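Biologist: Please take one part of this model, its packed interior, and go through it closely. I would like the core, the enclosed space and the buried positions treated together.

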Amino acid sequence: MKTIYSFLAGCVAIATISSCTKLDVPVESQYVKSNFPNTAADYNALTGTMYSNLSSSFAVNYWRMQELSTDEAIIPARDGNFDDGGQYRQLHYHTWTFDHPNVTGIWQWGFSGINTCNRLLTVIDAANSPAAVKASYTAEIRAMRALYYFFMMDTYGNVPIITTFPVNTPPATEKRAKVFDFIESELKAVLPQLPAKTGNLATNTQQYGRPTRGMAFALLAKMYLNAPVYNGTTRNQDVVVMADSVQRNTNYSLDAKYRDIFLPNNGPQINETIFAIPYDQQIPGNQFTRFGFFYYLVNAYGFNVGLSIAMSTTPEFYNRFNIPNDFRTKTWLVGPQFYPDGNGGFTNQPVYYPSTTTQIVITPQLVLVPGKPMDLGNTTASQAEGIRSLKYYPDPQIIQATRLNGNDVPVLRLADVYLMKAEAILRGATPTTINGDAQTPLTLINKLRARSGAQLASSVDLQGVLDERARELSWEAWRRNDLIRFGQFETEYPLPNDVLKMNTDPTRRLFPIPSTELKTNPNLVQNPGY
C-alpha cells in the first residue's frame, strides 16, 4: 500500500517536470479504456485512492468520534488551549450537534470512500482486461465499500445506499436494517473472490492493508455480534461461525509479544492482523504520538518535536488495568517516569523536567478548574494530569514538519475475534472446537492473558468480557461500539469540579446527519433526537 502512494506521487512529479518544456509534442501513448487498467501496477494505482481516503481520517477524526465519546479517551482544555471551539467537550458530554466538525467530516469521509469505490467499479467494468482479473479487483473494491458502509451504519445508523456512479438523483435515507442487509449480502457475494491469508510473507505483503477472506469473516462477526443494535435480531451463533472461519486459517495466530503489534515497524509480519491501515511519514493520518504522548518525555524517547500535552484517558477506564503482571498495563504512562528500555518496558533511570532535578510524575486524576468547562488549567502540575497512552509506540522517525507516526493501525485482528466469540457464547451460542482446540469463553480470554503475562482468570462473565475488551483493544476505535452493545454508553463518569453534565438520552447512540447534507439533499431524514 505504501508503494501505491509513492507511485502516485511520482506520477505527479514527472508530469510537473515534463510540463515545463516542449509543450507542442506528439502524443506517443495515452491511457484510454482499451489499455487502462491492464497490468497489476495499473490496478494498484487505480485502487489506491480508496485506501488513501481511508487512512486520511480513520486514526484521527473517525477515531475521535468512537473514543472521545466514551471513557477511553479525553482531550481536556488546558487554560483554554486545546479547546478548539468546545468540540472535544461536546464529544465527552454527548452534546454534539449536527454541525459538529467530526459529524460533518466523517460523513463526507465515509461517502467519499463509497463514491470512490463506485467510480472504480465503473472503470473496471469498462476495462479491457481478463474476466478473472476484473472479478478479483471488483471483489476487492466491493469489500472496501462494505467496510465504509459498516463505519457509516455503525456511526450514523440510517444512511443512503449508493451503488452507482455518477449519482444523478439525490439518494434517500435507508433504514439501518436495510443497510445491514446490504453489507451482509455484499461481503457474502465477494468472499469466494477474496484471497485467503497464506504462510508466505511475500504474498501477505501484497495482501496487507487490503481485503481478504479473513477480513470479510471478521467484519461479518462484528455485524452479527451487534445485530441486536443494528436490526433487532440475535445472531450469536453466526458470530461463532464467522470466528471459526477466521481461525480455520492457521496462518492467523497470536503474536508472542503484545508490544510488537503496535510498533512503528509493524506490518505484514504481524501474525494476528486481519485488516490494518498502513501509515508512515508519507501517509497522513496517524498522529497518536502528537496528541496522546507527553511532551516533556520526547528527548527520553529519542526525538524532539513539538507535541500536544492534552489527550489522555480517564481514571475510571484505566482502573480496569488491574491484573498482576499484565504487560498491557505498560502501554500507559502513569506515575514517576523512567527512560524506556527499548523493549516496551522501562529502566531505573528517572526522566526529569528540562533543566531541573524534578522527576516527571503523571497523575491519573483530571481535576477541573472551578467554573471552567472541562479545563484542567495549564500549570506544570496540571499538564501532567491524565494518563497517556504508549500503545502506538512513539516513532523515532517523527519530524516537526508533519508529526506523523509510522505505526500501522489495526482495524480487525485475531484477539478481537477471540473476544467476539467468547461474548457470543456467553450470550447463548454453542461452544465449538476449532483446529482441535475446545474453545470456551474462559479459554479464549486466557489465551490473551497468557500472551500478556497476566494472571489467568478462573471464571468470566459478560462484564468480564467487556473489561477484557477494554484491556486488549484500548484505543483501537471499538469502545463506543462495545458500550452501546452492552447498554453502558450513557454511564456517567463525572470529573472533580465539573460544571457540565452528560446528555444521557439514548438517541445519542447515533450521530446526526450533518446540517450541510440536509440542506443539499432533501431526501435525507434526520435521526431522532436532533
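**The interior**

Modeller: In this predicted model, the largest nonpolar core holds 119 residues, and F58, F151 and I183 have the most contacts inside it. Helix α5, residues 131-156, supplies the largest share of this core, with 14 residues. Apart from this core lies another one of 18 residues, including L297, L307, V351 and A384.

I183 is a useful place to begin. Leaving out residues up to four places away in sequence, I183 touches A146, Y149, F150, M153 and M223. I183 is also one of the buried residues of helix α6. That helix covers residues 176-190, 15 residues in total, and spans 21 Å from its first C-alpha to its last, close to the 21 Å expected at 1.5 Å a residue. The buried residues of α6 are R176, V179, F180, F182, I183, E184, E186, L187 and V190. Among the elements that cover these buried residues are α5, α8 (213-225) and α9 (227-230).

Next, the enclosed space. A probe the size of a water molecule, rolled over the atoms, shows where empty space is left. The count is 7 cavities of 30 Å³ or more. The largest cavity contains about 130 Å³ of space. Its lining consists of 14 residues, and K197, N204, Y208, T273 and I274 are the ones nearest its centre. Two elements, α7 (201-207) and β1 (273-277), give two or more residues to the lining of the largest cavity. The largest share, 4 residues, comes from β1. Sorted by class, the lining of the largest cavity has 7 nonpolar, 5 polar and 2 charged residues.

Strand β1 also marks one end of a loop with a buried position. D255 is located in the loop between α10 (236-247) and β1. D255 counts as buried because its relative accessibility is 8%, and the cut-off for buried is under 20%. Not counting neighbours within four places in sequence, D255 is in contact with I261, Q269, I270, N271, E272 and R451. Of these contacts, R451 deserves a separate note: D255 and R451 are 196 residues apart along the chain, while their C-alpha atoms are separated by 7.9 Å.

Conventions: Residues are numbered from 1 along each chain as its sequence is written. This is a predicted model: local features need pLDDT of at least 70, side-chain atom pairs count only at pLDDT 80 or more; totals for chains, interfaces and linings use all residues. Side-chain values use heavy atoms; hydrogens and water are left out. A nonpolar core is a set of buried Ala, Val, Leu, Ile, Met, Phe, Trp, Tyr and Cys residues joined through side-chain atoms within 4.5 Å. Buried means under 20% relative accessible area, exposed over 50%, partly exposed in between (1.4 Å probe, protein chains only). Contact means heavy atoms within 4.5 Å. On a 1 Å grid over the protein atoms alone, a cavity is a set of points where a 1.4 Å probe fits but cannot get out, and a pocket is an open set with protein on both sides within 12 Å along at least five of seven lines; lining residues have an atom within 4 Å of a point. Grid points are joined across faces, edges and corners, and a volume is the space filled by probe spheres set on the points. Ala, Val, Leu, Ile, Met, Phe, Trp, Tyr, Cys and Pro count as nonpolar, Asp, Glu, Lys and Arg as charged, and the others, Gly among them, as polar. The expected span of a helix is 1.5 Å times one less than its number of residues.
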